[in-house]
Amino acid sequence: MLEVRGLRAEVNGVEILKGVDLSVGAGETHAIMGPNGSGKSTLAFALAGRPGYEVTGGEALFDGEDLLALPPEERARKGLFLSFQHPVEIPGVRMDRFLRAGYNETRKSKGEAELDPLQFDRLIRGKAKSFRMDPALIKRSVNEGFSGGEKKRNEALQMAALEPRLRILDEIDSGLDVDALREIAEGVAEMSGPDTATILVTHYERILAYLEPTHVHVLMDGRVARSGGRELAREVEERGYDRLTAGAGV
Amino acid sequence: MTTATNRAVRELAEQSYQYGWTTDVEEESVPPGLNEDIVRWISARKGEPEWLLEWRLRAFRHFMTLLDDARLPAWANVSHPPVDFQAIRYYAAPKAAAELSSLDEVDSEILRTYEKLGIPLEEQKRLSGVAVDAIFDSVSVMTTAKETLAKYGVIFSSVSAAVQEHPDLVRKYLGSVVPYSDNFYAALNAAVFSDGSFVYIPPGVRCPLELSTYFRINAQESGQFERTLIIADKGAYASYLEGCSAPMRDENQLHAAVVELVALDDAEIKYATIQNWYPGDENGKGGIYNFVTKRGKCAGARSRISWTQVETGSAITWKYPSVILQGDGSTGEFYSVALTKGRQQADTGTKMTHIGKNTSSRIISKGISAGRGNNTYRGLVKVLPNAENAVNYTQCDSLLIGDQCGAHTVPYIEAQNRSASVEHEASTTRVSEDQIFYCQQRGLTREAAQSVIVNGFVREVVKRLPLEFSVEADRLLEVNLEGTVG
Ligand SMILES: Nc1ncnc2c1ncn2[C@@H]1O[C@H](COP(=O)(O)OP(=O)(O)OP(=O)(O)O)[C@@H](O)[C@H]1O
Ligand SMILES: [Mg+2]
């Protein structure tokens, strides 16, 4: 589904990604771990097309199509979803209206009929329930005054509504209490299937218990330093990055 | 950040004006220039009584002394070449349209104009709870829904008609809130005002319809000097909305209106404006000078007046809808959105004068600047010595799009009574790339993202408008902010 080869990217003229390779197939879940500042969020932003994250080399194909040639909204409409490490507040814009706009634009681009406010309300309420999200939140301004955990729950809700095929979840587990973590992780697992793929950026092994990763990668200094299976995550948890890479001879 | 922002700025700057066509109708007009004969001619043309002519002439003489002393208002944060008052045509009217009783008699070209503007008079008349008065250049063309209103005793007509049919009411209230000596443009307006709307709501009546006026400047070199007078008698309620547009012309055109509101005991008036006069081209050529005096008087106890405005047009806007809180326990409100882009300048705000006891006022101002637009909020909260327990809350927020625009907040507070509570909050923010990208990641284009963010910024004000007009206001902001595919 996603083929990333030799991806290089700069932020403010500083090279952050120094040649990333990553191959994600349908039905797979890839966990990406790595120390703070190693470039995990940069990789997510570069794939989603955030302005200011300039790709200077390599390629990224989404279903064989050149992802990097598309504006960010086209990538989103084609089914690439990014759950933000730091969700953004938009004062005065009601959450449900905001999401309906994006939802309908996505439908329109596929030639599908738009949902009217009532139909969408039904849909979003159903999704909110399955994520145990307080329905009052979806009538509030986008992320404004949301607690850290509520923001993450809100990212999961948006993902549930938009039904993307490639889900890039940047630290969706940070700042969640134990129950919230389980609920959100189970929700994501429930929405996974043979046609979806997940890239899960995380610092903790705990979420992997719910979202069985098929692959685990360790990103260090802008490159994939090691790849492996579930056991690599345990190794990271036990030994830390310094000794991990020392042991690997990197 | 900068390249994206520059693109957004360019898109805004290149946004063209959508209401810029002219209408081909036969016009009756006077030659350009201002003198006593013109004033007399206008008054005679309208068959006005002697007292009104006298009033106009006093205003005219006062205006000429101000003009001789070069006492043009100089304090606003706007700049423009001097207005040549002798180059303006002070009366222009579609021929044969002076006073009509049915839509069939209205020139079909004019009706089509209003349709293009999205105001189908026929529709309005038939369906909605909206009564429309349409002012085309200098005269009122049509007042719909007259019969429905008559059932409730509501008078909604052109000022010219009211002068004929309800002279006592007009004489009692005209100039009672904005005297001709009030300011330079108020004097000019009193001398040459050609028409406008008149509303009277009798005691205890809640006006069942939204009252609405659309102003359109069509003729070349003409100025528009309408005068609106709204009176809500004891316990009465009225909601009124005005909308404005004008064709694209290279020369600047002057719009100097006066609006007076009077609310007696327990009465309430809500006055809303959606102003989209032609703003001039991207180099600042042409456009309307919108110099308007709007003031309401809460004359009675527990009366309420609220001004809501969405200002997107005009080369220069200079207006301060104000409330005189005279009645004990009266309330004044001002909710404003002002958008400036290209070379537009807006100096707008309000003046709340607390006179009675236990009076309160509330001011919410949202300024949006893009391109090289310049936006100033100027507000005065004045508490007189006898105004016990006056309360004011003021909030001024500015949103900047790009780095060549300006936003300024100039609050004046004069509290002469120590029991007064006056609170002022202000903020300035930018549309952030983070917000735009977040929207894009959910499937919105840059343009759509920007208008979503702007709509959020103005929500608090726009939600005060009657539903159909809040939709119109959102659309207008969107049109004004959308690029020509970027
Ligand atoms: N806008 C920016 N301007 C300057 N430097 C930036 C910017 N964005 C990212 N960087 C730098 O790029 C490097 C990688 O950042 P990134 O956010 O991708 O790390 P991360 O792996 O997601 O870290 P964390 O685990 O802390 O979330 C960091 O050194 C960061 O300071
Ligand atoms: Mg990160």
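This briefing walks through a ligand site, a metal site, a pocket, two helices and a few single residues. Keep in mind that the model is predicted. Helix H1 of chain A is a good place to start, since Ser41(A), one of the magnesium donors, sits in that helix. From there we move to the largest pocket, which takes lining residues from chain A and chain B, and then to a side-chain contact between Glu155(A) and Tyr438(B).

**Helix H1 of chain A**
- H1(A) runs over residues 40–48, and eight of its nine residues are buried.
- The buried set starts with Lys40(A), picks up again at Thr42(A) and Leu43(A), and carries on through Ala44(A), Phe45(A), Ala46(A), Leu47(A) and Ala48(A).
- Right after the helix comes Gly49(A), with a positive phi near 90 degrees.

**Magnesium, ligand 2**
- Two side-chain atoms coordinate the magnesium ion: OG of Ser41(A) and OE1 of Gln85(A), at 2.0 to 2.1 Å.
- Ser41(A) belongs to H1 and Gln85(A) to the loop between strands S6 (80–83) and S7 of chain A, so the pair ties together parts that are 44 residues apart in sequence.
- Gln85(A) has a relative accessible area of 22%, so this residue counts as partly exposed.

**Ligand 1**
- There are 15 residues around ligand 1, and the nearest are Gly37(A), Lys40(A), Ser41(A), Thr42(A) and His203(A).
- Two of the polar approaches use backbone atoms: a polar backbone atom of Gly37(A) is 2.9 Å from a ligand oxygen, and a backbone N or O atom of Gly39(A) is 3.0 Å from a ligand oxygen.
- Glu171(A) comes in with its side chain, placing a polar atom 3.4 Å from an oxygen of ligand 1.

**The largest pocket**
- Its volume is about 750 Å³.
- The elements giving two or more residues to the lining are S7 (90–94) and H3 (95–109) of chain A, plus H11 (446–462) and H12 (467–481) of chain B.
- H11(B) gives the most, with eight residues.
- In total 29 residues line the pocket, and those nearest its centre are Arg97(A), Ala101(A), Val452(B), Asn455(B) and Asp474(B).
- By type, the lining splits into 13 charged, 10 nonpolar and six polar residues.

**Helix H10 of chain B and its link to chain A**
- H10(B) covers residues 433–441, and eight of the nine are buried.
- Buried residues in this helix include Glu433(B), Gln435(B), Ile436(B), Phe437(B) and Tyr438(B).
- Gly443(B), which follows the helix, has a positive phi near 110 degrees.
- The side chain of Tyr438(B) makes a polar contact of 2.4 Å with that of Glu155(A).
- Glu155(A) is part of helix H5 (residues 148–162) of chain A, and with a relative accessible area of 0% this glutamate is buried.

**Val262 of chain B**
- Val262(B) is found in strand S11 of chain B, which spans residues 258–263.
- At 4% relative accessible area, Val262(B) falls under the 20% cut-off, so it is buried.
- Gln224(B) is 38 residues away from Val262(B) in sequence, and their C-alpha atoms are 23 Å apart in space.

Key:
Residues are numbered from 1 along each chain as its sequence is written. Chains are lettered from A and ligands numbered from 1 in the order in which they are written. This is a predicted model: local features need pLDDT of at least 70, side-chain atom pairs count only at pLDDT 80 or more; totals for chains, interfaces and linings use all residues. Side-chain values use heavy atoms; hydrogens and water are left out. Buried means under 20% relative accessible area, exposed over 50%, partly exposed in between (1.4 Å probe, protein chains only). Helices (H or I, at least four residues) and strands (E, at least two) are DSSP runs, numbered from the N terminus. On a 1 Å grid over the protein atoms alone, a cavity is a set of points where a 1.4 Å probe fits but cannot get out, and a pocket is an open set with protein on both sides within 12 Å along at least five of seven lines; lining residues have an atom within 4 Å of a point. Grid points are joined across faces, edges and corners, and a volume is the space filled by probe spheres set on the points. Ala, Val, Leu, Ile, Met, Phe, Trp, Tyr, Cys and Pro count as nonpolar, Asp, Glu, Lys and Arg as charged, and the others, Gly among them, as polar. Donors are N, O and S atoms within 2.8 Å of the metal (3.2 Å for Na, K and Ca); water is not among the atoms, so sites may look incomplete. A residue is near a molecule or strand if one of its heavy atoms lies within 4 Å of it. A polar contact is a pair of N or O atoms within 3.5 Å; within protein, one must be able to donate a hydrogen and the other to accept it, and residues adjacent in sequence count only if both atoms are side-chain atoms.
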